[in-house]
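Student: Could we look at a protein together and work out the reasons behind the words people use for it?

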Amino acid sequence: MSSHQSQISRFFQLPEHGSNVRTEVVAGITTFLTMAYIIFVNPTILGDAGMPRDAVFVATCVAAAIGSLIMGLYANYPIGMAPGMGLNAYFAYAVVLGMGVPWQSALGAVFISGCLFFLVSIFKVREHIVNGIPHSLRVAITVGLGLFLALIAMKSSGLVVGNPATLVTVGDMHNPHTIMAVFGFLLIVTLDRLKVPGALLIGIVAVTVLSFFFGGNTFNGFMSLPPSIAPTFFHLDLSGALSIGLFNVVLVFFLVELFDATGTLMGVASRAGLLVGGKMARLNKALMADSGAILAGSMLGTSSTTAYLESAAGVQAGGRTGLTAVVVAALFLAALFFAPIAGVVPAYATAPALLFVACLMLRDLVEVDWTETTESVPAAITALVIPFTYSIAHGIAFGFITYAGLKLLTGQARQVKPVVWIIAVVFLAKYSYT
C-alpha cells in the first residue's frame, strides 16, 4: 500500500471498518450511478417553477458534491447527498406554482428551514421532535409524498390529463411520449428487480435516446464547460420567506427534511452494520452535514438537499466509510461538464424514474396500525389530502389536526406529545385567520 493510500486508510478508519480504498471507490461509483438521475430530474422539476434550468443543473451538482463531502469528511458515513425528491416537487408545484410564491422567496424558506434543522442538531433536540410525532403520521407523510410524486410523474408522461367533468382522466395512449414513458418505467422496474446498478439512470437515458428518433428531440453534444450559476446564485429572498404567509411552508420543509434525513440515515447505517445498540454513533454529525447541505443548496439555487436512500446500493457494494461519499462528491463535480446531455432530457424521460420512486415510497403503509382508527384515519387523511389538494402542507396540517382532535374526542389526549399539540394548533390558527 502506498503512503498516500495509507493516509487515506487512517483518516477514514478503513481497517477498523473492514474495508479498503478499492472497495470504497467501487461503492462510491455504485451509489453515484443509482442517484445520478437527480442531475436530470431536478432541473426539469425546478425549471417548471420558472427557475433557469442550466443554473439549477449546476446548483444540483455542486450542492450534491458539498453535501456528500461534508458527510464523508466530517461524519465519515458512506452516504451520498443531493436535492431531495418530493421536496423539489413540493417546492416547484405546491409552493411556487400552487401558492404563487416567487422561487426566490421559496429558496429563502429552504434556507430558514435549514437554519432550524441546524439548531435542532446543535442543541440535540431532534430526538424530542422526532419521538414526539407519532409513527403513523411520519409514515403517512412519506406515503403522501409518494402519491404526490406519482401524480406529477403521470401528468409529465401524459398518462393523466385534466378533465373539467372528472378532474382527471387518462391521456392519449397513442402519444409517442406517453408510450416511451411507459416503456421507461417498465425498463426501470425490470432492471431494479435484476439488481442492475443505476437502473433509474439507465431508464432515463434509454427514453432520452428514443426521444431523438420518435419524440422530435435534437442533440447538442456531450460535453461543454459548466453553464453559469449566476441566475440562481444567492438569489434567495429571506424577507419574502419571513412573511407570515410562508410560515407553514418553512414548517413543512423543516418537518419533511427532519423525518427524511433521520429515516434515511438510520436505514442506510443499519444496512451497513454501523448501528451500535440500535443507534448511530455520529448521528448528530450526519444531521449537521444534512443541514449544512440544505443551507449551501439554497444559496446555490436548489431545493432542500438531503441524504439519499440510494446510498444503500453503495453499502451493498461494500462501502462502510466516508470515502464512499467523497467519491460520490467527486463524480457529481465531474458531471458538471455534461450539461448538454442534461439539457436534452425531456420531462417524459424523467417521469418513469419519478413514478418508480413514488411506488417505493408507498411500501411504508404496512407500518400503520390499521386496527386503531385514531392512528390509521389521520394517517390516511394525511396521505390522501397531499395529492388531492396538490399540497404537502395541507396534507400535514389535516393529518395533525385530525390526530389531535380524534385523540381528544376519544379520551386519549394524554397519549399525544406536546409537539403534536403545538403543530396542530399552529395549523388550526392558520386556517382560522386566512
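Tutor: Let's go through some questions about this predicted model.

Student: What makes this protein as compact as a globular protein of its length?

Tutor: Start with the make-up: the protein contains 20 helices and 6 strands. Its radius of gyration is 21 Å, and the globule rule gives 22 Å for 434 residues; the two are close, so the protein is as compact as a globular protein of that length. Along the principal axes, its C-alpha atoms fill a box of roughly 65 × 55 × 45 Å.

Student: Why is Ser 113 called buried or exposed?

Tutor: Buried means under 20% relative accessible area. Ser 113 has 0%, so Ser 113 is buried. You can find Ser 113 in helix H6. Leaving aside neighbours within four places in sequence, Ser 113 is in contact with Val 250, Phe 253, Phe 254, Glu 257 and Ile 294.

Student: And how do you know whether Phe 123 is buried or exposed?

Tutor: We use the other cut-off here: exposed means over 50%. Phe 123 has 59% relative accessibility, so Phe 123 counts as exposed. Look for Phe 123 in the loop between helix H6 (103-122) and helix H7 (126-132).

Student: Which distances separate Phe 123 and Asn 284 in sequence and in space?

Tutor: In sequence, Phe 123 and Asn 284 are 161 residues apart, while their C-alpha atoms are 9.5 Å apart in space. For the protein as a whole, take the contacts between residues at least 6 apart in sequence: 81% of them join residues at least 24 apart.

Student: How much of the protein is buried?

Tutor: Buried residues make up 55% of the 434 residues. In soluble globular proteins, nonpolar side chains tend to be buried together.

Student: What makes a set of residues a nonpolar core?

Tutor: The residues must be buried, of nonpolar kinds such as Ala, Leu or Phe, and joined through side-chain atoms within 4.5 Å. The largest such core here has 128 residues, and Phe 91 and Phe 332 have the most contacts inside it. Helix H12 (residues 247-271) gives the most to this core, with 14 residues.

Student: Which residues does Phe 91 touch?

Tutor: Not counting residues up to four places away in sequence, the residues that Phe 91 touches include Leu 46, Met 51, Trp 103, Phe 253 and Ser 303.

Student: How many charged side chains are there, positive and negative?

Tutor: There are 19 positive and 17 negative side chains, and the centres of the two sets lie 7 Å apart.

How values were computed: Residues are numbered from 1 along each chain as its sequence is written. This is a predicted model: local features need pLDDT of at least 70, side-chain atom pairs count only at pLDDT 80 or more; totals for chains, interfaces and linings use all residues. Side-chain values use heavy atoms; hydrogens and water are left out. Helices (H or I, at least four residues) and strands (E, at least two) are DSSP runs, numbered from the N terminus. The radius of gyration is taken over C-alpha atoms; the globule rule is 2.2 Å times the number of residues to the power 0.38. Buried means under 20% relative accessible area, exposed over 50%, partly exposed in between (1.4 Å probe, protein chains only). Contact means heavy atoms within 4.5 Å. Lys and Arg count as positive and Asp and Glu as negative; His and the chain ends are not counted. The place of a charge is taken as NZ of Lys, CZ of Arg, CG of Asp or CD of Glu.
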